[in-house]
Amino acid sequence: MPKKYHIHPKATPLDLEYVCKFKIVRGENCINCGKCTKVCIYEAHKRRKDDPRKMADPNTVVCRNCFRCIQECPRGALEKSLDNDFTNIGGAFWKPDMLISLWKQAEDGKVPVSGAGYRGPFTGTGFDSMWTDMSEIVRPTRDGIHGREYISTSVDLGRRLNHLTFDTNGQLASKVPDTVDLSIPILFDTPVDNLISNVKVALVKAAAEINTCIIMPAVDITSDVEEYSNNIIPCLAPTEIDTYKAVLKKARLVSIEYSDTVLNDFPGLKEKIKKLSDALTIIRIPAMKDVEGIVAKLTHSGAEIIHIVADYRGQELNGSAGSDRRLLKDIIRAVHLRLVEDRIRDEITIIASGGIAMAEHVPKAMLCGADLTAIDIPLMIALGARVYEEPEKLLILPEGLAKIPLPIITQRMVNLMAAWHSQILEMMGAMGIREARRLRGETGRAIFFEEIDKETFGRLFKRREAVSV
Ligand code: SF4
Ligand code: SF4
């Protein structure tokens, strides 16, 4: 059995003004009895250090909204109300609750607890319109995390053989292509242009610590991150290959931006890279209309790894307008099914990114047909960044980020990944899947709202339509 993969979280608070869903206010009628200090297991209520006879202001940041203190205060002195800042952050995709949850996960690396049960809708758009089959949850699912049963989250990147051939002596005649193994099905993608130095180095160090890689513009691969070249995937246009020869030479993987030249002559491009480096090639394609056709053509031409990049809300980028844009879930399914139809699915590795915002999106993207995912914005949210969607995309980084020590920034990203890894293990355990590679395209473990909706009500509504006609 391989050595158990574990990410080590460590409580790493940041002195930031987080937005909280509710604010708790202690009224004048408080008699300082201290009952709230006992009922709140998250220690949101404490006595004042300078005068322990009195209560300190409630620490809303640690509150998990269970409402117990409100109910049990003998004087009804505690009030909880929606915070105005909360309603303003995020948007329709990056919901405020999501941002708060990511901040907390980066703080302690633990699986988030909502505390008050789930009271939201049971379906939505994109990944919210699919559920995973948790029928194995009757088994002790924590085994995966705590040791008795090993659940592997490893994946590999590279081209695979469709079949093996043997010579007349029974010896393997096929040349098995090289692959790169990662311990977690998540790559980092550079989240913003012009990263400040400590954030850039922290991203690279965090990627190395959890045994994954970061996709980074080749121009940003400077001497301060050179020692981590095993964990850096230089990203460049085909025309820049000669400019970055030295960077390419050290890389295990290289990401090449898609263009018509790449589509029309992948073997030529591969040959050019091969002369400089043994790196496997990732083709980075925007999630445009008919991306499935492009992926199929590239796979037939010998492409090894394809990275499909949707926008920050997981929408198709070009081609369709407004509400007609496909979402990442549907794009991945279309690509996967096209490759299955062409009988070439096993030959290629598919990375999906854009709108991977929560741990659950990783296994869901894989169930839809991706081999692994890449994330960007959540890494910035781990550092306390705020996202606004309206009137346009805005990512506000916390003030003073440049002065935060490197180990703290690194640890917060590691914490976020520790929390996601635990959640992925929980989901895999509950689905009865013990190996992340088996998640790919395993739609038997997923329930899609549009399919059960059609199955349940489709005929009924068809009949009604027929009657009204
Ligand atoms: S339980 Fe109520 S009265 Fe007692 S200390 Fe807390 S807020 Fe004050
Ligand atoms: S609502 Fe629950 S978690 Fe929040 S402060 Fe009160 S007791 Fe603590």
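## Reading a predicted model, feature by feature

Guide: Leucine 172 is placed in the loop between strand S4 (155-157) and strand S5 (180-182). The model that we are reading is a predicted one, and this loop residue is a convenient place to begin.

Visitor: Is leucine 172 buried or exposed, or does it count as something in between?

Guide: A residue counts as buried under 20% relative accessible area and as exposed over 50%, with partly exposed in between. Leucine 172 has a relative accessibility of 42%, and it therefore counts as partly exposed.

Visitor: Which residues form the nonpolar patch on the surface?

Guide: Leucine 172 belongs to it, along with Leu161, Leu164, Phe166 and Val176, and together these residues have about 450 Å² of accessible area.

Visitor: How should I read the cysteines, and how many disulfides does a search of the whole structure find?

Guide: A disulfide is a covalent bond between the sulfur atoms of two cysteines. To recognise one here, the two sulfur atoms must lie within 2.5 Å, and a search of the whole structure on this basis finds zero disulfides. Cysteine 20 is an instructive case, because its closest cysteine sulfur, that of cysteine 63, is 8.0 Å away, which is too far for a bond. Cysteine 20 also counts as buried, at 13% relative accessibility. Cysteine 235 is likewise in no disulfide, the nearest cysteine sulfur being that of cysteine 213 at 13 Å, and with a relative accessibility of 11% cysteine 235 counts as buried.

Visitor: Which residues surround ligand 1?

Guide: The shell around ligand 1 consists of Arg26, Cys30, Ile31, Asn32, Cys33, Gly34, Lys35, Cys36, Met55, Cys73, Pro74 and Leu78. By class, these residues divide into eight nonpolar, two polar and two charged, where one should bear in mind that Cys is counted as nonpolar and Gly as polar.

Visitor: How many residues surround ligand 2, and which are the closest?

Guide: Ligand 2 has 13 residues around it, the closest being Cys40, Cys63, Cys66, Phe67 and Cys69, and its shell comprises eight nonpolar, two polar and three charged residues.

Visitor: Where is proline 74 found?

Guide: Proline 74, a member of the shell around ligand 1, is found in the loop between H2 and strand S2 (78-82). With a relative accessible area of 52%, proline 74 is exposed. Its C-alpha lies 21 Å from that of phenylalanine 22, a residue 52 positions apart from it in sequence.

Visitor: What should I look for in the backbone angles?

Guide: Most residues other than glycine have a negative phi, and most peptide bonds are trans. Against that background, asparagine 65 has a positive phi of about 60° although it is not a glycine; asparagine 65 is in the loop between helix H1 (35-39) and helix H2 (68-72), and counts as buried at 17% relative accessibility. Aspartate 290, also not a glycine, has a positive phi of about 60° and lies in the loop between strand S10 (280-286) and helix H10 (291-300), where at 43% relative accessibility it counts as partly exposed. As for the peptide bonds, a cis bond with omega of about 0° joins glutamate 390 and proline 391, and proline 391 is in the loop between strand S14 (386-388) and strand S15 (394-396).

Visitor: How many salt bridges does the structure hold?

Guide: A pair qualifies when a side-chain nitrogen of Lys or Arg lies within 4 Å of a carboxyl oxygen of Asp or Glu, and the structure holds 31 salt bridges. One of them joins lysine 270 and glutamate 304, at 3.1 Å from N to O. Lysine 270 lies in helix H9 (residues 266-276) and glutamate 304 in the loop between H10 and strand S11 (305-309), so this pair ties together parts that are 34 residues apart in sequence. Lysine 270 and glutamate 304 are buried.

Visitor: Where do arginine 345 and aspartate 371 lie?

Guide: The side chains of arginine 345 and aspartate 371 meet in a salt bridge of 2.7 Å, N to O. Arginine 345 lies in the loop between helix H11 (328-341) and strand S12 (349-353), and aspartate 371 in the loop between helix H12 (361-368) and strand S13 (372-375), so the pair ties together parts that are 26 residues apart in sequence. Arginine 345 counts as buried at 4% relative accessibility, and aspartate 371 counts as buried at 9%. Arginine 345 and aspartate 371 also belong to a network of salt bridges that links them with Asp156, Arg160, Asp346, Glu435, Arg437 and Arg440.

Terms used:
Residues numbered from 1 in each chain as written. Chains lettered and ligands numbered in written order. Predicted model: local features only at pLDDT ≥ 70, side-chain atom pairs only at ≥ 80, totals over all residues. Heavy atoms only, no water. Near = heavy atom within 4 Å. Buried < 20%, exposed > 50% of the residue type's maximum accessible area, 1.4 Å probe, protein only. Patch = residues over 30% accessible without salt bridge, like charges linked within 9 Å, V, L, I, M, F, W, Y side chains within 5 Å. Areas by Shrake-Rupley, 256 points an atom, 1.4 Å probe, with all protein chains shown as cover. Helix = DSSP H or I, 4+ residues; strand = E, 2+ residues; numbered from the N terminus.
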